[in-house]
Amino acid sequence: MASANLQGTADAKGTADLAGTADLEQGFDATIAGGQRIEPRDWMPDAYRRTLIRQIAQHAHSEIIGMQPEGNWILRAPSLRRKAILLAKVQDEAGHGLYLYAAAETLGVDRAELTQMLIESRQKYSSIFNYPTLSYADVGVIGWLVDGAAICNQVPLCRCSYGPYARAMVRICKEESFHQRQGFELLLAMVHGTDGQRQMVQESVGRWWWPSLMMFGPPDDDSPNSAQSMAWGIKRHSNDELRQRFVDMTVPQAAALGITLPDPALAWNPQRQAHDYGEPDWAEFKAVVGGAGPANAQRLAHRRRAHEAGAWVREAAQAYADKQAGAAA
Amino acid sequence: MTPAEQPPRRSWPLYEVFVRSKRGLNHVHVGSLHAADAEMALHNARDVYTRRNEGVSIWVVRADDITASSPAEKDPFFAPAGDKVYRHPTFYVIPEEVPHL
């Protein structure tokens, strides 16, 4: 367990009697209603803590697993410039995972536990990372569409009611901007290249468009936890609102690339002042979330292998630290 | 749970990280990380929290070594400052024509 004085603990609430709990709950609700942040050692309802742990852990796992699809192309990046950029980007994803694990730990869980939950498949990560990166254009499309969708999701989280999560998101959003721009710039270079390169981009967009739309989660009428998360100030906009925002942002960007988004229903609707678009295949979404995506098994197996292969490093560092501490004493 | 699962290893201790973003400013808490010892914590803090020149100086402190005020006692603990308005310059009424006050 994280035993730090600065961390919250799940059992702190055990001391409060029932009457006390009502007071505490009132204080918590007032803090949220006043637009103020909840901080780690504040009293909070169990369900709020559990929801945050689940969401932040899932978010952290997504960053860590998200290193794999792009890491696949580091050794095959076409120039030193592209390789350096891709390395920096994948390193950022590791950093984002660490900010988020640190935020989750303030709720009284331990990072090692969360890692264990991930590799035992007891916690999830974003379904988008269960799709394979088949061509180098995927590196650009992930930056443009996947990171673009992530930014839409994450910017409102900078105002999340839980302080440590909100602060982690501020750092992450600043860095995501580089991710999206490098992706778009890469695609711009490719669409100004050969016919073959343009086709690679088009083919890649064709594969990533629908999974990117699914990143916002199920439609609002099939998203049972959303209402509570919005009442708690964890979530600020509904899944469909964010999805619409992403579509509207992306359409002119696709036009700038001269790329067709693979949705025949996609059209500007002057009445709504927004784009109409087709329905993602929610059966596919459910299947991928449930573990049947093209790369689920591979992603988890790789994460488990990396964790186990790193065990000796963790142990050696600990043994060295113990020895140094012994020598100093 | 698989039978092959090993007993959980003792995990590295938690360090809180404070970064001075530039000369003339205080160190500010930016987050935490795990490391086997303080030196590793410093190196990890550099890689995790200052990848874009966010800092010119880093402190790491074992989280266990920090003593914090209790949020439950928030009001009584800070009460002594609550009723001492005379500690603020605005408490004092000075004629407007008196300069430099």
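# A friendly tour of chains A and B

Buried residues (under 20% relative accessible area, found with a 1.4 Å probe and protein chains only) make up 25% of the 101 residues in chain B. This is a predicted model, in which local features need pLDDT of at least 70, side-chain atom pairs count only at pLDDT 80 or more, and totals for chains, interfaces and linings use all residues. Residues are numbered from 1 along each chain as its sequence is written, chains are lettered from A and ligands numbered from 1 in the order in which they are written, and side-chain values use heavy atoms, with hydrogens and water left out. Two more words will help you: exposed is over 50% relative accessible area, and partly exposed lies between the buried and exposed cut-offs.

**Chain B as a whole**

- Chain B has 2 helices and 3 strands; here helices (H or I, at least four residues) and strands (E, at least two) are DSSP runs, numbered from the N terminus.
- Follow chain B from its N terminus and you meet the elements in the order β-β-α-β-α.
- Of the contacts in chain B with a separation of 6 or more, 43% are accounted for by residues 24 or more positions apart; a contact means heavy atoms within 4.5 Å.
- Chain B exposes about 7700 Å², and carbon and sulfur atoms supply 57% of that area. Accessible areas come from the Shrake-Rupley method with a 1.4 Å probe, and for residues only the protein chains shown count as cover.

**The segment after α2 in chain B**

- B:V85 is found in the segment after α2 (74-82) of chain B, and B:F91 has its place in that segment too.
- B:V85 is partly exposed at 47% relative accessible area, and B:F91 counts as partly exposed at 42%.
- Together with B:Y86, B:Y92, B:I94, B:V98 and B:L101, B:V85 and B:F91 make a nonpolar surface patch of about 710 Å². Patches are made of residues with over 30% relative accessible area and no salt bridge; nonpolar side chains (Val, Leu, Ile, Met, Phe, Trp, Tyr) are joined within 5 Å, and like charges within 9 Å.
- From C-alpha to C-alpha, B:V85 and B:G31 are 35 Å apart in space, with their positions 54 residues apart in sequence.

**Salt bridges**

- Side chains of opposite charge can pair when their charged atoms come close.
- The structure holds 20 salt bridges over all chains, where a salt bridge is a side-chain nitrogen of Lys or Arg within 4 Å of a carboxyl oxygen of Asp or Glu.
- One of them joins the side chains of A:D92 and B:R52 at 2.4 Å, N to O. This pair crosses between chains, from helix α4 (residues 80-105) of chain A to the loop between α1 and β3 of chain B.
- A:D92 is buried, with a relative accessible area of 1%, whereas B:R52 is partly exposed at 33%.
- A:D240 and A:R243 also meet in a salt bridge, at 2.7 Å, N to O. They are separated by about one helical turn because they are 3 residues apart in helix α10 of chain A.
- A:D240 counts as partly exposed at 26%, while A:R243 is buried at 1%.
- In chain B, B:D83 forms a salt bridge with B:K84, with the closest N and O atoms 3.2 Å apart. B:D83 is exposed, at 56% relative accessible area.
- Salt bridges that share partners join A:E70, A:K89, A:E93 and A:D147 into one network.

**Charged patches on chain A**

- A patch of positive charge on the surface gathers A:R37, A:R159, A:R236 and A:R245. Lys and Arg count as positive and Asp and Glu as negative, while His and the chain ends are not counted.
- A:R245 sits in helix α10 (residues 239-257) of chain A and is partly exposed at 36%.
- A patch of negative charge on the surface gathers A:D220, A:D221, A:E241 and A:E279. Each charge is placed at NZ of Lys, CZ of Arg, CG of Asp or CD of Glu.
- A:D221 is in the loop between α8 (195-214) and α9 (226-231) of chain A, and counts as exposed at 76%.

**A buried histidine and two loop residues**

- A:H59 is in helix α2 (residues 46-65) of chain A and is buried at 12%.
- Not counting residues up to four places away in sequence, A:H59 touches A:L100, A:Q154, A:L157, A:Y165 and A:M169.
- A:Q273 has a phi near 55°, a positive value in a residue other than glycine. A:Q273 lies in the loop between β1 (267-269) and β2 (274-276) of chain A and is exposed at 54%.
- B:N53 has a positive phi near 55° and is likewise a residue other than glycine. B:N53 is in the loop between α1 (38-49) and β3 (57-62) of chain B, and counts as exposed at 73%.
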